[in-house]
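Student: Could you take a close look at one part of this protein with me, and then show me how the rest fits around that part? I'd love one connected walk-through.

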Amino acid sequence: MTIAQTATATKRRFGVLAADFAVLGLNYADRAAFGIAGPLIIAEFGFSNAAFGWLASIFALAYSPFGFIGGWLADRFGPRNVMGWAVIAWSAFTALTAAGVGFVSLLIIRFLFGAGEGPQATVTAKLMHNWFPKRELGTALGIANAATPLGGAVATPVVVGIMHATQGNWRLPFLIFGALGVLAAIGWFWVVRDTPEQHPKVNEAEVRVIRQDQDEVAAAEQEDAPGFWSCVAKPAVWATAIAYFGYAWILWTFVSWFPNYLVQERGIDLDGLAIAGAIPWVGGCVGLIAGGALTDWLVRRMGDPEAPRRWLVIICLAATAVLFALVSMVTTTFAAVAVMTVVVFLLYLTGAQYWIIVGEAVPAARYGAVSGAVQMFATSASIFAPLVTGYLADSSLGWGGVFVVAGSITIIGPVLLLFAGRRRRA
């Protein structure tokens with residue numbers, strides 16, 4: 001037995017996870033900042049809710065296709081380079097948001113910002129699949145993606161605090177976050193490699209830990225993988241994509257509009273927004289970590305890598321849809337924030353599962369492109385949800401219509417996943 005075989009395994013995969021956690025937290029802080037600053041942006045330029053809805057939606061018009069492009073690029077050039085350059089791109093356009101002087105300039109900047117942010121989810125999924133054994137994958141993805149609500153939770157009081165300290169200067173937070181992004185990109189390139197085999201500080205023992213529970217047919221899949229369209233046509237893939245669309249609809253309604261809802265409908269002031277706007281994000285952070293750990297435990301207990309994850313999505317996403325429809329019906333601000341916190345917790349319990357369900361349905365050679373296609377379809381909700389919300393809020397249906405429509409759209413996914421989402425076994 002060689003020294004390499006008896007050596008204690010290194011733990012570099014957790015450093016890669018920490019680096020991904022950091023850039024995803026910044027990603028959502030940058031993204032949430034626009035919604036948090038929304039009341040002041042609307043007041044300065046005199047935008048209607050519909051006009052602000054266009055600004056929120058134009059981000060997603062680029063974000064959605066660049067999710068697919070990012071996954072496709074990660075399959076070919078590796079997740080390290082794709083994510084690193086994406087961080088630089090989105091940080092540049094975060095800073096440029098401060099240069100917005102009206103509707104058209106903000107529209108262009110937000111579109112380019114969306115292109116920069118688009119790759120992050122699919123690249124994260126690809127990177128975690130490269131670096132973690134299957135028995136740890138749900139936990140790893142849950143922790144990585146927990147950075148996204150945590151970024152929103154931290155950004156809310158930080159952005160509000162900066163605006164409060166500068167007598168309503170909404171531009172300064174974007175400059176600060178843009179500068180932080182450049183530092184994050186430098187750290188990313190220093191820490192991350194595409195695979196453990198490429199990392200100079202990963203020993204053979206850790207490589208064996210990461211690879212030991214992968215399918216024995218993985219190499220054969222790489223050589224003889226089915227085509228892209230065959231993979232996309234699998235019921236488990238398209239049913240998951242539709243469920244993820246509903247997830248994204250509620251998420252983007254919340255990200256883009258909940259601060260404005262609290263100000264317009266509940267009468268929250270800037271100081272109150274720092275607390276009320278952050279609390280649901282904390283629920284989301286807990287939900288993502290808990291969802292990943294829970295499904296990993298169930299997979300080990302049941303010996304089925306797919307069913308526990310699918311059922312978690314079905315149950316929690318259905319509950320999310322019902323509760324979201326009820327947000328505007330509660331009578332107090334405290335109750336509205338409490339219900340929204342439960343909504344975001346349940347929503348994010350499912351957050352890591354979509355990627356793993358797709359990963360179980362398709363071979364590794366197609367994972368980046370197929371997961372990118374799922375994200376592109378699902379995040380098209382981020383184009384329509386903020387825009388539809390703006391028009392509904394201005395209409396006779398008001399905010400009640402916003403929440404009921406979102407809940408109705410979201411319930412479709414769990415129903416389809418219940419009947420069509422089971423993985424077909426040979």
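Tutor: Let's start with Tyr247, which is found in helix H13. This is a predicted model, by the way. Is Tyr247 buried or exposed? With 6% relative accessibility, Tyr247 counts as buried, because anything under 20% falls in that class. So what is packed against Tyr247? Setting aside the neighbours within four places in sequence, Tyr247 is in contact with Leu317, Leu347, Tyr348, Thr350, Gly351, Tyr354 and Thr410. Pick Thr350 from that list: Tyr247 and Thr350 are 103 residues apart in sequence, yet 8.6 Å apart in space, going from C-alpha to C-alpha.

Now let's use helix H13 as a stepping stone. Helix H13 (235-264) is among the elements that cover the buried residues of helix H19. Others that do so include helix H4 (49-77), helix H7 (120-131), helix H12 (228-232), helix H18 (353-361) and helix H20 (381-394). And which residues of H19 are they covering? The buried ones are Tyr367, Gly368, Ala369, Val370, Ser371, Gly372, Ala373, Val374, Gln375 and Ala378. H19 itself runs over residues 364-378, which makes 15 residues. From its first C-alpha to its last, H19 reaches 21 Å, close to the 21 Å expected at 1.5 Å a residue.

Let's zoom out for a moment. The domain assignment of the protein gives domain 1 (11-208) and domain 2 (227-425). Their C-alpha centres lie 19 Å apart. How many residues touch across the boundary? There are 54 residues of domain 1 in contact with 54 residues of domain 2. The size of an interface is often given as the accessible area lost when the parts come together. Here, the area buried between domain 1 and domain 2 is about 4200 Å², and carbon and sulfur atoms give 68% of that area. On the domain 1 side, Asn49, Phe68 and Pro149 supply 14% of the area buried against domain 2, more than any other three residues.

What about charges and polar groups at that boundary? The count of salt bridges between domain 1 and domain 2 is zero, while eleven residue pairs are found in polar contact across the interface. As for the elements involved, those giving two or more residues to the side of domain 1 that touches domain 2 are helix H2 (12-36), helix H3 (38-45), H4, H7 and helix H8 (134-165). H8 gives the largest share of that side, with 21 residues.

H8 deserves a closer look, then. Asn145 lies in helix H8, and Asn145 is buried, with a relative accessible area of 9%. Leaving out its neighbours within four places in sequence, Asn145 is in contact with Leu24, Thr124 and Leu288.

H8 also takes us to the salt bridges, and the structure holds eight of them. Side chains of opposite charge can pair when their charged atoms come close. In one of the eight, the side chains of Glu136 and Arg13 meet at 3.2 Å, N to O. That pair links distant parts of the chain, as Glu136 is in helix H8 and Arg13 in helix H2, 123 residues apart. Arg13 counts as buried, at 3% relative accessibility. Arg13 has a second partner: its side chain also meets that of Glu206 in a salt bridge, again 3.2 Å from N to O. Arg13 lies in helix H2 and Glu206 in helix H10 (residues 204-211), so this pair ties together parts that are 193 residues apart in sequence. Both Arg13 and Glu206 are buried.

Here's another one to compare. Arg171 forms a salt bridge with Glu44, with the closest N and O atoms 3.2 Å apart. Arg171 lies in the loop between H8 and helix H9 (172-191) and Glu44 in helix H3, so the pair ties together parts 127 residues apart in sequence. Arg171 counts as partly exposed at 23% relative accessibility, and Glu44 is partly exposed too, with a relative accessible area of 41%. Going back to the earlier trio, salt bridges that share partners join Arg13, Glu136 and Glu206 into one network.

One last stop. Gln167 is found in the loop between H8 and H9, and Gln167 counts as exposed at 73% relative accessibility. Most residues other than glycine have a negative phi. Gln167 has a positive phi of about 55 degrees, although Gln167 is not a glycine.

Key. Residues numbered from 1 in each chain as written. Predicted model: local features only at pLDDT ≥ 70, side-chain atom pairs only at ≥ 80, totals over all residues. Heavy atoms only, no water. Helix = DSSP H or I, 4+ residues; strand = E, 2+ residues; numbered from the N terminus. Expected span 1.5 Å × (residues − 1). Buried < 20%, exposed > 50% of the residue type's maximum accessible area, 1.4 Å probe, protein only. Contact = heavy atoms within 4.5 Å. Domains from an automatic or database assignment. Buried area = accessible area lost by both parts, 1.4 Å probe. Salt bridge = Lys/Arg side-chain N within 4 Å of Asp/Glu carboxyl O. Polar contact = N/O pair within 3.5 Å; in protein donor to acceptor, adjacent residues only side chain to side chain.
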